[in-house]
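Biologist: I am new to this structure and should be grateful for a guided look at one part of it. Please begin with the whole and then move to the part that interests me.

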Amino acid sequence: MPHTVEWKVRLYLFEDEGTTKARVVLKTGTTELTGHGAAHRNPADTDVPEVGDELAAGRAMHDLGRQLVDIAERDIDVLGTPATGQSARPETGWPMPDQNQGA
């Protein structure tokens, strides 16, 4: 069954005294989730704001991704679908397409 949705994601970055903090907010239309991340610069390191932004944003998105996978795993359990086992991979319960298919 075809399925198309649009989820809105906003990423906020804040820096204060060598610490960059990130907050990423996902709005699905029915749910809102927030991920958080931070990066701390050693005072002896060169001040390169882009690096702090990248680390903090990546950590916030990783936090958000973990939350989404946790929610999906709970939904799979509720549906009674057999678990494929705990994995750090986000495709839990859903097969990955064969990359060699059609090549």
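To how many Å² does the accessible surface of the protein come, and what percentage of it belongs to carbon and sulfur atoms? After that, please examine closely the largest nonpolar core and the elements around it.

Modeller: This is a predicted model, in which local features need pLDDT of at least 70 and side-chain atom pairs count only at pLDDT 80 or more, while totals for chains, interfaces and linings use all residues. Residues are numbered from 1 along each chain as its sequence is written, and side-chain values use heavy atoms, with hydrogens and water left out.

The accessible surface of the protein comes to about 8,300 Å², and 55% of it belongs to carbon and sulfur atoms. Such areas are obtained by the Shrake-Rupley method with a 1.4 Å probe, and for residues only the protein chains shown count as cover. Of the 103 residues, 22% count as buried; buried means under 20% relative accessible area, exposed means over 50%, and partly exposed lies in between (1.4 Å probe, protein chains only).

The protein has one helix and three strands, which run β-β-β-α from the N terminus on. Helices (H or I, at least four residues) and strands (E, at least two) are DSSP runs, numbered from the N terminus.

The strands pair, a term that requires at least two DSSP bridges between two strands. Strand 1 and strand 2 do so in the antiparallel sense over nine bridges, and they form a hairpin with two residues between them. In that turn, E17 has a positive phi of about 50 degrees. Strand 2 also pairs with strand 3, again in the antiparallel sense over nine bridges. Four residues lie between strand 2 and strand 3 in their hairpin, where G29 has a positive phi of about 105 degrees. Across this second pairing, R23 stands opposite H36 in strand 3.

The largest nonpolar core has eight residues, namely A22, V24, L26, L33, A39, A56, A60 and L64. Strand 2 (19-27), strand 3 (32-40) and helix 1 (49-79) each give two or more residues to this core. A nonpolar core is a set of buried Ala, Val, Leu, Ile, Met, Phe, Trp, Tyr and Cys residues joined through side-chain atoms within 4.5 Å. Leaving aside neighbours within four places in sequence, A60 is in contact (heavy atoms within 4.5 Å) with A22, V24, G35, H36 and G37.

V24, a member of the core, has L11 opposite it in the pairing of the strands. L11 is found in strand 1 (residues 8-16) and is partly exposed, with a relative accessible area of 40%. Together with L13 and M61, L11 makes a nonpolar surface patch of about 250 Å². Patches are made of residues with over 30% relative accessible area and no salt bridge, like charges being joined within 9 Å and nonpolar side chains (Val, Leu, Ile, Met, Phe, Trp, Tyr) within 5 Å.

Helix 1 also holds R66 and D63, three residues apart, about one turn of the helix. These two form a salt bridge, with the closest N and O atoms 2.6 Å apart; the term denotes a side-chain nitrogen of Lys or Arg within 4 Å of a carboxyl oxygen of Asp or Glu. D63 is buried at 16% relative accessible area, whereas R66 is partly exposed at 42%. Salt bridges that share partners join D63, R66 and D70 into one network.
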